[in-house]
Amino acid sequence: MFRFLILFFTILTSVNLMAQQLRVLVIPFDKFQFECNMTTSEIALYNELSGADQVYDVYTQALLEAINESSDSLSIYEMDENSLNLIRRQLPRVYKREPISHNGVDIEAYAKSGDLKKLLENMGADYLMVISRYKIMGKIITARGSWSSSAGFINWSIHQVDYEIFNAEGDLVALADRFTIRPRNPRNETYTTQGTLTEDLWIGMLKLGLDIEQKLLKYQKKGKVVYKSKIK
């Protein structure tokens, strides 16, 4: 009897996890949607990359990996570069004012043609997420370490992400306007990196994944577009 109960609850848990599975196909930000007040050469140097041309790919992969790792119920699907470029051309970038002001895409024609539904079916996904901007903003913070060259202040940053999520019919179900990713506080070995190290962004990127999960679960429950976040 005890073994039967264990088996029953194991199956029940598995069914619940499957019912809550959030399968999201992601269109990452492109190079024109990556905004920064410093050069990519600087960022490449701080992250010990061989060239500035690697910065975009490294940030993109770090963000997608963190989102995918943030929750067992959230599954992220990616496409090859050729497919991404083809779809991006069919999703014009626009600035929207509803339900709140945010950067997004015009998905109406793509959805009406049936291509969106076909894409999600082919990829085995339920939602399409478009990351419409990744912005690094400079910030001056007070130095708390023994960094004599900093004169009491150092250059740091915050990172902001805009995204929209659509269902197969092209309805907007969730969005974020400037979701903030905060790097770890500077340390003796990192205070010159201006808060750009991908390893120091990991916790903040995980929170972005939790933000996505929380909004999708709320949408499934309420049936209304969700744009407010409880994730801090």
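This report walks through the salt bridges and a charged surface patch in a predicted model.

## Salt bridges across the chain

Ten salt bridges turn up in the structure. One of them pairs Glu35 with Arg133, where the closest N and O atoms sit 3.8 Å apart. That contact ties together distant parts of the chain: Glu35 belongs to strand β2 (residues 34–36) and Arg133 to strand β6 (residues 127–142), with the two positions 98 residues apart in numbering. Glu35 and Arg133 also join Asp162 in a network of salt bridges.

The two partners differ in cover. Arg133 has 13% relative accessibility, so it counts as buried, while Glu35, with a relative accessible area of 30%, is partly exposed.

Another bridge brings the side chains of Arg88 and Glu81 to 3.7 Å, N to O. Here Arg88 is buried at 17% relative accessibility, and Glu81 is partly exposed at 44%.

## A bridge inside helix α7

Asp211 and Lys215 form a salt bridge at 3.1 Å, N to O. They're four residues apart in helix α7, so about one helical turn separates them.

Both ends are tucked away: Asp211 is buried, with a relative accessible area of 0%, and Lys215 is buried too, at 1%.

## The lysine patch

Helix α7 spans residues 202–222, and Lys222 is part of it. Lys222 comes in at 56% relative accessibility, so it counts as exposed.

Lys222 also helps build a positive surface patch, together with Lys218, Lys221, Lys224, Lys228 and Lys230.

How values were computed:
Residues are numbered from 1 along each chain as its sequence is written. This is a predicted model: local features need pLDDT of at least 70, side-chain atom pairs count only at pLDDT 80 or more; totals for chains, interfaces and linings use all residues. Side-chain values use heavy atoms; hydrogens and water are left out. Patches are made of residues with over 30% relative accessible area and no salt bridge: like charges are joined within 9 Å, nonpolar side chains (Val, Leu, Ile, Met, Phe, Trp, Tyr) within 5 Å. Accessible areas come from the Shrake-Rupley method with a 1.4 Å probe; for residues, only the protein chains shown count as cover. A salt bridge is a side-chain nitrogen of Lys or Arg within 4 Å of a carboxyl oxygen of Asp or Glu. Lys and Arg count as positive and Asp and Glu as negative; His and the chain ends are not counted. The place of a charge is taken as NZ of Lys, CZ of Arg, CG of Asp or CD of Glu. Buried means under 20% relative accessible area, exposed over 50%, partly exposed in between (1.4 Å probe, protein chains only).
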